Amino acid sequence: MTILPPDPDLTALRVNLARLRGESGWTFDELADRSGLSRRTLIDLEHGRTTGTVTTWHALAHTFDVPIEHFLGTLCDDHAPPGTNGP
């Protein structure tokens, strides 16, 4: 029997992006200018139409000056992250 990992919490990922953008007071256009990502990509990320790539989230982490774990760590918000359940 194969045990599959839990599904990532993609809602938390997009909500975290929206929260950071809101706290910064940036429009999609401003975030696009600051991050080098397209406005359409940012809208699609926030609305859950795409999950992006590691490169995308890396660019956003640098733009918001947060560790990439700030974004990617939310993928495990609804379950224990890997490596925390003991040996």
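1. Helices and strands are DSSP runs, a helix having at least four residues and a strand at least two, and both are numbered from the N terminus. In these terms, the protein reads α-α-α-α-α along its sequence. The secondary structure therefore amounts to five helices and zero strands.

2. The model is a predicted one. Its pLDDT averages 91 over the protein, and 97% of the residues score at least 70. Of the helices, α2 (residues 28-35) has the highest confidence, at 98, whereas α5 (residues 69-72) has the lowest, at a mean of 92.

3. Some overall values follow. The C-alpha atoms fill a box of roughly 45 × 25 × 20 Å along the principal axes. The protein has 87 residues, of which 34% count as buried. Its accessible surface comes to about 5,700 Å², and 55% of that surface belongs to carbon and sulfur atoms. When contacts between residues at least 6 apart in sequence are considered, 55% of them join residues at least 24 apart.

4. Helix α4 (residues 54-64) deserves particular attention. Which residues of α4 are buried? They are Thr56, Trp57, Ala59, Leu60, Ala61, Thr63 and Phe64. The cover over these buried residues includes α1 (10-24), α2, α3 (39-46) and α5. An α-helix has 3.6 residues a turn, so residues three or four places apart point the same way.

5. Val54, which also belongs to α4, is not among the buried residues. Val54 has a relative accessibility of 59% and therefore counts as exposed, the cut-off being over 50%. Along the chain, Val54 and Leu72 are 18 residues apart, and their C-alpha atoms are separated by 8.9 Å.

6. The packing of α2 against α4 may be taken next. Two packed helices are described by the angle between their axes and the distance between the axes. For α2 and α4, the angle is about 100° and the axes are 9 Å apart. The two helices are therefore roughly perpendicular to each other, because an angle from 65 to 115 degrees counts as such. On the α2 side, the residues that meet α4 are Leu31, Arg34 and Ser35; their partners in α4 are Ala59, Leu60, Thr63 and Phe64. By type, the residues of this contact comprise four nonpolar, two polar and one charged.

7. How do α3 and α4 pack, and at what angle? Their axes lie 13 Å apart and form an angle of about 95°. This angle makes α3 roughly perpendicular to α4. Thr41, Leu42 and Leu45 of α3 make the contact with Thr56, Trp57 and Leu60 of α4. Four of the contact residues are nonpolar and two are polar, with no charged residue. Leu60 appears in the contact with α2 and also in the contact with α3.

8. Leu45, in helix α3, merits a closer reading. Is Leu45 buried or exposed? With a relative accessibility of 2%, Leu45 counts as buried, because the cut-off is under 20%. Apart from neighbours within four places in sequence, Leu45 is in contact with Arg14, Leu17, Thr50, Thr51, Gly52, Thr56, Trp57 and Leu60. The C-alpha atoms of Leu45 and Phe71 are separated by 12 Å, and these two residues are 26 residues apart along the chain.

9. Asp65 follows α4 and is placed in the loop between α4 and α5. Most residues other than glycine have a negative phi. Asp65 is not a glycine, yet its phi is positive, at about 55°. Asp65 counts as exposed, with a relative accessibility of 72%. The student may wish to locate this residue in the structure.

10. Where does Thr74 lie? Thr74 is found in the segment after α5. Its relative accessible area is 9%, so Thr74 is buried. If residues up to four places away in sequence are not counted, Thr74 touches Asp9, Ala12, Leu13, Asn16 and Glu69.

11. In summary, the predicted model has five helices and zero strands. Helix α4 is roughly perpendicular to α2 and also to α3. Leu45 and Thr74 are buried, whereas Val54 and Asp65 are exposed.

Key:
Residues numbered from 1 in each chain as written. Predicted model: local features only at pLDDT ≥ 70, side-chain atom pairs only at ≥ 80, totals over all residues. Heavy atoms only, no water. pLDDT = per-residue confidence, 0-100. Axes fitted to C-alpha atoms, helices over the stretch in contact; angles between N-to-C directions. Parallel < 35°, antiparallel > 145°, perpendicular 65-115°, else oblique. Contact = heavy atoms within 4.5 Å. Nonpolar A, V, L, I, M, F, W, Y, C, P; charged D, E, K, R; others polar. Buried < 20%, exposed > 50% of the residue type's maximum accessible area, 1.4 Å probe, protein only. Areas by Shrake-Rupley, 256 points an atom, 1.4 Å probe, with all protein chains shown as cover.
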